[in-house]
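Biologist: Pick one strand residue and walk me through its surroundings in detail. I'd like to know what it touches, how it sits in its strand, and what the residue across from it is doing.

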Amino acid sequence: MEHVWTYMYTTAQTPMLDPEFDKSDFKAPLAGFGYGLPLSRLYARYFGGDLKLISMEGYGTDAYLHLSRLSDNEEPLA
């Protein structure tokens, strides 16, 4: 699991594009490029937090995002 934080590492299969795919369509798949997890952890650390993954074989993987609170002001969520 040490490779998940490496840019361009992916376990996703290469999607098959429609033969009539037009590059100006903007309907290309966004998954599987290997930037999601490393970039998410980088943003979390930039904001004073961290992103951790805990994997349990046979059960799945949990992702924990921790962000520091920057002030004592309460912000309405709705």
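Modeller: Let's take Asp50, which touches Arg41, Ala44, Arg45, Tyr64, Leu65 and His66 once residues up to four places away in sequence are set aside; contact here means heavy atoms within 4.5 Å. Keep in mind that this is a predicted model, where local features need pLDDT of at least 70, side-chain atom pairs count only at pLDDT 80 or more, and totals for chains, interfaces and linings use all residues. Numbering runs from 1 along each chain as its sequence is written, and side-chain values use heavy atoms, with hydrogens and water left out.

With those neighbours around it, is Asp50 buried or exposed? Asp50 is buried, because its relative accessible area is 16% and the cut-off for buried is under 20% (exposed is over 50%, partly exposed in between, with a 1.4 Å probe and protein chains only). The side chain of Asp50 also has a polar partner: a contact of 3.3 Å joins it to the side chain of Lys52. For a polar contact, an N or O pair has to lie within 3.5 Å, with one atom able to donate a hydrogen and the other to accept it; residues adjacent in sequence count only if both are side-chain atoms.

As for the backbone, Asp50 belongs to strand S1, residues 50-56; strands are DSSP runs of E, at least two residues long, numbered from the N terminus. S1 pairs with S2, residues 60-66, in the antiparallel sense over seven bridges, where pairing takes at least two DSSP bridges. The two strands make a hairpin with three residues between them, and in that turn Gly58 has a positive phi of about 90°. Further along S1, Ile54 has Asp62 of S2 as its bridge partner.

Back at Asp50, the bridge partner in S2 is His66. So what about His66, itself a residue of strand S2? His66 counts as partly exposed because its relative accessibility is 44%, whereas Asp50 is buried. Leaving aside neighbours within four places in sequence, His66 is in contact with Gly49 and Asp50. The C-alpha atoms of His66 and Gly48 are 8.4 Å apart, with 18 residues separating the two in sequence. To tie it together, Asp50 and His66 are bridge partners, and Asp50 also has His66 among its contacts.

Terms used:
Helix = DSSP H or I, 4+ residues; strand = E, 2+ residues; numbered from the N terminus.
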